4 protein chains.
Amino acid sequence: MIFASDNWAGAHPAIAAGLTAHASGHARAYGNGDLDRAVRETFGTIFERDVAVFFVSTGTAANALSLVAVNKPGGVAFCHREAHMTEDEAGAPEYFTGGGRLCRVDGPLGRIAPDELDRAVQRYPAEFLHSGRPMAISITQATEVGTVYALEDIDAIGAVARRHGLPLHMDGARFANALVSLGTTPAEMTWKRGIDMVSFGGTKNGCWCAEAVVFFDPAMAAEFAFIHKRAAQLFSKARFVSAQFEAYFRDGLWLQTARHSNAMAAALADGFRASAAARLAWEPQANEVFAIMGQEMAARLQGLGAVFYPWHAPAGYAAAMAADESVYRFVTSFATTIEEVDAFRALL
Amino acid sequence: MIFASDNWAGAHPAIAAGLTAHASGHARAYGNGDLDRAVRETFGTIFERDVAVFFVSTGTAANALSLVAVNKPGGVAFCHREAHMTEDEAGAPEYFTGGGRLCRVDGPLGRIAPDELDRAVQRYPAEFLHSGRPMAISITQATEVGTVYALEDIDAIGAVARRHGLPLHMDGARFANALVSLGTTPAEMTWKRGIDMVSFGGTKNGCWCAEAVVFFDPAMAAEFAFIHKRAAQLFSKARFVSAQFEAYFRDGLWLQTARHSNAMAAALADGFRASAAARLAWEPQANEVFAIMGQEMAARLQGLGAVFYPWHAPAGYAAAMAADESVYRFVTSFATTIEEVDAFRALL
Amino acid sequence: MIFASDNWAGAHPAIAAGLTAHASGHARAYGNGDLDRAVRETFGTIFERDVAVFFVSTGTAANALSLVAVNKPGGVAFCHREAHMTEDEAGAPEYFTGGGRLCRVDGPLGRIAPDELDRAVQRYPAEFLHSGRPMAISITQATEVGTVYALEDIDAIGAVARRHGLPLHMDGARFANALVSLGTTPAEMTWKRGIDMVSFGGTKNGCWCAEAVVFFDPAMAAEFAFIHKRAAQLFSKARFVSAQFEAYFRDGLWLQTARHSNAMAAALADGFRASAAARLAWEPQANEVFAIMGQEMAARLQGLGAVFYPWHAPAGYAAAMAADESVYRFVTSFATTIEEVDAFRALL
Amino acid sequence: MIFASDNWAGAHPAIAAGLTAHASGHARAYGNGDLDRAVRETFGTIFERDVAVFFVSTGTAANALSLVAVNKPGGVAFCHREAHMTEDEAGAPEYFTGGGRLCRVDGPLGRIAPDELDRAVQRYPAEFLHSGRPMAISITQATEVGTVYALEDIDAIGAVARRHGLPLHMDGARFANALVSLGTTPAEMTWKRGIDMVSFGGTKNGCWCAEAVVFFDPAMAAEFAFIHKRAAQLFSKARFVSAQFEAYFRDGLWLQTARHSNAMAAALADGFRASAAARLAWEPQANEVFAIMGQEMAARLQGLGAVFYPWHAPAGYAAAMAADESVYRFVTSFATTIEEVDAFRALL
């Protein structure tokens, strides 16, 4: 009953097998091998257009370098108040951009509110010397609190970005979970809605270490090969990432694992709905479930072998709680089994 | 007959198997799992003392972050003129240190000459405001040109470092190749000679992606967890590196692969010694062989399937050459076979 | 009737004369001259203890480098939401610190609320790898909205700083105006209340260009000479700053000019209190007055020769306004005359 | 007999008077005043074309920010081995560029040798990911060793810059001294020879603190207002710099002071030529004289009141010296008198 995080899982067997399959033989280093090229083309197929793809070692690297690609002197990027890039990356975006700023924007349940965004951007007039200058907007899909931007939500953010001439980034650490949640295509969820670049995450969804930055406009990536290398992110044996992505995309594995995770989360949510001792904090839409329960109850469940953690829920997110209650996060992954979920539901 | 680079090889079967063995099951993320801890302890065993170990994604990251750990305002690090950190890392050390400088020091055959080093450091008086301040010395073992610092060579560099109160770093991208070349122990080659930190590379010697920064003085690593995370180098599924290192160290695999690579290089060197059409540029000591031959001859060999590249050899390294001759680099790895070498020798 | 900003004034005649008096003769460069030393000692006299003093060219430089002096990897500094360093310095603090973050804290009328500060700091647990780490607190005295922290207000902030082991910085761009407003001593307003370093501004109060960073603990300034030089802030002819500060401090000129500015502001405030057409937005305490009036009225006054600008007042600062009203800022300086103020009051 | 440095002098009386003349009255801040605009136009007149001009506080700031304006990821700037930016700025160029590199190029007597430059640039192939990328060339006029690039020397450097598509910067800390030495015009010495930007120094030649970055192509300066502000270099009371430059340029004062300094240096040089106890190390061309003499002799002169310092002369610059001899630097300025020179010559 491990619901601690989707990065507590290892690798999907197909990913491990894919890696092993490419272990032998020589290939050009630094992403110039045949497999590397083929995998980059697969990205193009999946996104239904030419894309520029760069592998990086962590989601933090993907986010930070995406911002470096579009930064300017005094640059300010806008993200949700709870976004990973501002809450959980130890200042990496600021560090890699050489002092770029993240401006936190409000919005309910992890989604930036378009009007709040518009107001926030307007507080930084682009030609005013003193304030700092807008340089990018970033949304997280699925969000940090297990919700998903609907396509029209992304449209609305895209409209603000276009109005201010700002590049629009998507932190897709849980890209696949959002995708299958919406039942849409990668193209529809990204560039057709105005997204310019994606931190495309495979790690949380069954890979060992497979993250990529994807640009939909090659011009925006013109300098990126240098940004990428200078940031110590150019793998010499890049095929070890390519091999993972090859297996990830083959026969839609990535969609299957995402669907499975989401289904396990839905089953967990059903458990909370049926429970008298706990309740959903808000409706989950991907592979994270947030529940309210008494702290004693939580301790009891943990004592019985369930692994999960409390979550600092922003004011207004969750329904009213008693003083002895808290919000807890439950994350499912490709490796979560229905038996685990059932066992936990039985405890509930 | 692939002698292009040791990073053209994939992964040793035992490494791939080790990874697969750890694919299933849950483990704490971010390096806090049992396997992660066990592997860090293995580093301690190998180095015969307590060490602080951090996994990074590339050798460039290892070098750059080692310098960040000891940098100061106006800091200058001293490395060999041909060192990887100044020749092949696209300015990553300068970038990560926020503008630290690399001062290139001369010395024959890839090794810093201690008296040149002393002179170079003295050109930056530590308390003079205007010049910049010495902050570290870095040596590469094995060097970029396939030679190795003897233990007394490291002693001599260590003496200069101590005289100036400077931390001493070893770029060990080919640590194992140097180690077996000298027939010594990790402790003897490092901290017993005054080395304070090592970029410990496993990738070139049979891993997929296994690099680490090793500190011999925990105090020097006090801030490193934050430096490491901020640099986007904290793997969420760190066990995929731990699993590689576990297999790497088990039963001395790393020494076997290094011995094999070095032996293949020695066999290649024999080939050049026996050849009338080519000759050694200088004596190899690890897994890289540099040879002088006519450009036409090189093209002919390449046409016959041998993969290798010309090398920009600094003045004075190689014996006199004719105008139509160049220096070429041949790198062997765990994956090089004696059949390949023999085939190449036959061509010679 | 120029109330645009205190930096629209030139230099006080005594400052200009002081500069001229030191124009001839040779002196050691880079702050090593006799005058430079004497002026640094005067700072010690004024603050009643040994201080480390460094001249910089702008208040932005003073603020940014103060933070550099105490920054760490992933560092976060806490300042008021309206502070100059986060609103008006184009990201200089983030840039000079190599990616440090400013966390904006709320509090009424330009003053950080101690309990908000405490909560904000607690959101960054010092040993948690992912969030970023508190590294400093900064308060602005006088604040950006013309108010002043009382001594007990500073005590309260100092207590939060001490509890979290954080250095406490004071942006004293209008240090003298706050000082005479409180009728206290420099020592009482700073280190006796827990302030560790001050951006000490002379420019707005009658100098041409005289700003300094003052440290009360020499240990905190140990690296600062290098930080200062590397930031291109070491004046070669430092005496041109020293000469200004010499004249500034002589016979209490700086207190006189500050008292004058504050008195002019008070006279302006009286005018608003007596006016039917405008009213004070809040009570001024230094040399800035904020008033509410109809936009048409403001335009009329501007048409008649009064120079002043609208101010973006945060929600809750000012009393309720009609839709056609705005907040306007009026700044006085050493150069403001009672005739100007009277002329403006007549218009009101 | 002060020959220590031209920055030991104070301000020319006309500069001090000019400052005082502008002390009273109000003017727009941040360089938007009438005087500021007029002075920027004067720069255009002097350079015979539209220029973008930005005031900075130090020559180090001018050099560092010039490079920021043209930097790219992995950027490398090429300067002379003895250039101020690499020898005397404590790493400021590297710091402000966020890790840009300075590559030191050889050449006799302070001037970059064009063929050495070409070779150095070629060592960084612009499209090679690993090495770093050429981003600028910088020459110093007059050089650090008191020599001057002839117009055809600048042409030759300009040709290399054009061939590699690199912007060409001139560190003109002693611009006026070089200009009058060549007897040419600012236009001829700069953009007509391929110079793109100049660090234009007034401080060493009679100002208190008057340095500017001048761009000949406005497009290159497109982002510079933000670069400048973010670097804490935007003076609030910019007119205190404008007032200096106004006086500096009025009636050719700047050329007169430069001619005077150069003449004093020439007189000093005559003294060395006539002396049996000392000799010129090389021929001076501006306001710095380098002489060889016995260390005992030097100490004797210093004991008699002459102030000057030894100079680390690169191998090959000076004629052969005895073991007890050293090279010493003597710098003249607007404030040097012929009486001082004569007194020193008498001692010689």
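**Around an axis, then inside chain A**

Of the residues of chain C in this predicted model, C:S57 lies closest to the rotation axis, with its C-alpha at 3.2 Å. So what is this axis, and where does it come from? Two copies of a chain are related by a rotation about an axis and a shift along it. Here, a turn of 180° and a shift of 0.0 Å along the axis lay chain C on chain D, with an RMSD of 0.0 Å. That is the relation of a two-fold axis.

Now look at the place where the two copies meet. Of the interface residues of chain C, 100% are also interface residues in chain D, so the copies meet through the same surface.

Let us turn next to chain A. Its domain assignment gives domain 1, covering residues 13-251, and domain 2, covering residues 253-347. Taken over C-alpha atoms, the centres of these two domains of chain A are separated by 27 Å. How many residues of domain 1 of chain A are in contact with domain 2 of chain A? There are 23, and they are in contact with 19 residues of domain 2.

Which helices can you look for on the domain 1 side of this contact in chain A? Both α8 (175-182) and α11 (239-249) of chain A supply at least two residues each to the side that touches domain 2. With six residues, α8(A) gives the most to that side of domain 1. Sorted by class, the side of domain 1 of chain A that touches domain 2 has 12 nonpolar, six polar and five charged residues.

Methods. Residues are numbered from 1 along each chain as its sequence is written. Chains are lettered from A and ligands numbered from 1 in the order in which they are written. This is a predicted model: local features need pLDDT of at least 70, side-chain atom pairs count only at pLDDT 80 or more; totals for chains, interfaces and linings use all residues. Copies are superposed by least squares on the C-alpha atoms of residues with pLDDT of at least 70 in both. Two residues are in contact if their C-beta atoms, placed from the backbone, lie within 7 Å. Domain bounds come from an automatic or database domain assignment. Helices (H or I, at least four residues) and strands (E, at least two) are DSSP runs, numbered from the N terminus. Ala, Val, Leu, Ile, Met, Phe, Trp, Tyr, Cys and Pro count as nonpolar, Asp, Glu, Lys and Arg as charged, and the others, Gly among them, as polar.
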